[in-house]
Amino acid sequence: MIQEGITIAVGSSGSSTGYTIVQSLKETWGQKGCRIIACDINPKHLVAAASISDSYIQLPSASENSFAIQTVELLKSNNVNYFYPVHDQEICATASARDLFESYGITILCASKKAVDLCTDKLESSEMLSLINLNIPTTYPLSDNISFFGKAIIKERYGNGSQFIEVINDQNELEYIVSKIIPSNRQYIIQEWIGDPEITVDAFVIPEKGFVRTLCRKRIEIKSGITTKGYIFYDEIHSQIALSIAKAFQLVGSFCFQVRGYDNYIIDINPRIGGATAMSIAVGLDFPSAHLAYFLGEDPAPYFKDMPKSCFVTRSYREHISYQ
């Protein structure tokens, strides 16, 4: 049964992903009497999602040591029952403080810390995927004595999304990048390059029930890191991969992953929806609303229409006006 009068706060609402979640929850759960609050580190007048939510809370950065205690106190003072973290760093900080949130009566809408840590560590996640016999590119920790073994990419071991990715085509490029980044004391991996196509898979899984919904998205056009034109389709193979990932990584609810090549080499797993999941919502698969339904103990099935025909989805900007 729907819990009337509950309040859900959405973190990182200033991001495109956060805006998508606020908009989705407002249009579905908001219609059922739930109060949706947008949250971000920026002031209200600089966050578009604030103009479509019921209220707004300015939160501290997830990189601050006091993030958890400041956040729970702000949420509690606004009678928040559920907190939906969005940005990768915010998800990690929130999952790490699950006991603190629960002690304030706030349920966090994300996977366990163990699952989040496994997704975030790109080296460890590659090893897990190999153990369950899913295809992964050859992956090594980057060191100053590694030799060029073919076209490859270098990225941070604990990086987020497409943050810092260098493509390496020969030994000279490898040596240059290694000399530039090794002194930083950050950890990097080098990974075999897998050619196109690159496909993002939006997934919702309840492993113990074998409940799986997925939708695939191939990028047609990207502007400033955001997919503005995409090809949307369904493929049963990706649903099988999603179920295997959810079981191995202990993921529940909505998450996304990327594959490259025609043999579906998995290159990334995120314990959250994607930046362009709004495209899937547009064709009838509402991953954020289903995610909330799962944590409320509701049936997520009504938030997924029948699999749509393959189609193209385009996006454009929308203007919001606010005042200080």
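**Exercise 1. Helices on the parallel sheet**

Which strands does helix 2 (residues 67-77) lie across, and at about what angle does it run to strand 3?

*Before you start.* You are working with a predicted model, where local features need pLDDT of at least 70, side-chain atom pairs count only at pLDDT 80 or more, and totals for chains, interfaces and linings use all residues. Residues are numbered from 1 along each chain as its sequence is written, and side-chain values use heavy atoms, with hydrogens and water left out.

*Solution.*
- Step 1: find the elements. Helices (H or I, at least four residues) and strands (E, at least two) are DSSP runs, numbered from the N terminus.
- Step 2: lay out the sheet. Its 5 strands form an open sheet in the order 3-2-1-4-5, with parallel pairing; two strands pair if DSSP finds at least two bridges between them.
- Step 3: look at the edges. Strand 3 (55-58) and strand 5 (107-108) each have a single partner strand, so one side of each has no neighbour in the sheet.
- Step 4: check one pairing. Strand 4 (residues 82-84) and strand 5 run parallel and are joined by 2 bridges; phenylalanine 83 has isoleucine 108 in strand 5 as its bridge partner.
- Step 5: place the helices. Helix 2 lies across strand 1, strand 2, strand 3 and strand 4, and runs at about 155° to strand 3. Helix 1 (residues 16-28) lies across strand 1 (7-10), strand 2 (35-40) and strand 4, at about 160° to strand 1. For such angles, axes are lines fitted to C-alpha atoms, for helices over the stretch in contact, and the angles run from 0 to 180 degrees between N-to-C directions.

**Exercise 2. The antiparallel sheet**

Starting from strand 10, work out how the 6-strand sheet is put together.

*Solution.*
- Step 1: read the order. The 6 strands follow 14-13-10-11-12-15 in an open sheet with antiparallel pairing.
- Step 2: find the ends. Strand 14 (265-270) and strand 15 (311-314) are the edge strands, each pairing on one side only. From one strand to the next, the twist averages 30°.
- Step 3: follow strand 10 both ways. Strand 10 pairs with strand 13 over 8 antiparallel bridges, and with strand 11 over 8 antiparallel bridges.
- Step 4: pick one residue. Isoleucine 199 has valine 259 as its bridge partner in strand 13 and lysine 218 as its bridge partner in strand 11.
- Step 5: move outward. Lysine 218 also stands opposite tyrosine 231 in strand 12. Strand 11 (residues 211-223) and strand 12 (residues 226-233) run antiparallel, joined by 7 bridges.
- Step 6: look at the turn. A hairpin links strand 10 and strand 11 with 4 residues between them, and glycine 210 in the turn has a positive phi of about 65°.
- Step 7: check the cover. In strand 10, 8 of its 9 residues are buried (buried means under 20% relative accessible area, exposed over 50%, partly exposed in between, with a 1.4 Å probe and protein chains only). Helix 10 (residues 287-296) lies across strand 10 (198-206), strand 11 and strand 13 (253-260), at about 25° to strand 10.

**Exercise 3. Two packed helices**

How do helix 6 and helix 8 pack, and which residues meet?

*Solution.*
- Step 1: choose the description. Two packed helices are described by the angle between their axes and the distance between the axes.
- Step 2: apply it. Helix 6 (residues 122-131) and helix 8 (residues 236-249) pack at about 115°, with axes 11 Å apart.
- Step 3: list the meeting residues. Ser125, Met128 and Leu129 of helix 6 meet Ile245, Ala248 and Phe249 of helix 8; contact means heavy atoms within 4.5 Å.
- Step 4: zoom in on methionine 128. Beyond its neighbours within four places in sequence, methionine 128 is in contact with Leu118, Ala248 and Phe249. Leucine 118 is 10 residues away along the chain, and the two C-alpha atoms are separated by 8.5 Å. Methionine 128 is partly exposed, with a relative accessible area of 22%.

**Exercise 4. Rings**

Which kind of aromatic pair do tyrosine 140 and phenylalanine 149 form?

*Solution.*
- Step 1: recall the rule. Rings of Phe, Tyr and Trp (its six-membered ring) pair if their centres lie within 6.5 Å; planes under 30 degrees apart count as stacked, over 60 as edge-to-face and the rest as tilted. The count is 11 aromatic pairs.
- Step 2: apply it. Tyrosine 140 and phenylalanine 149 are edge-to-face, at 5.6 Å centre to centre and 75° between the planes.
- Step 3: look for a cluster. Phe204, Phe211, Phe287 and Phe304 form one aromatic cluster.
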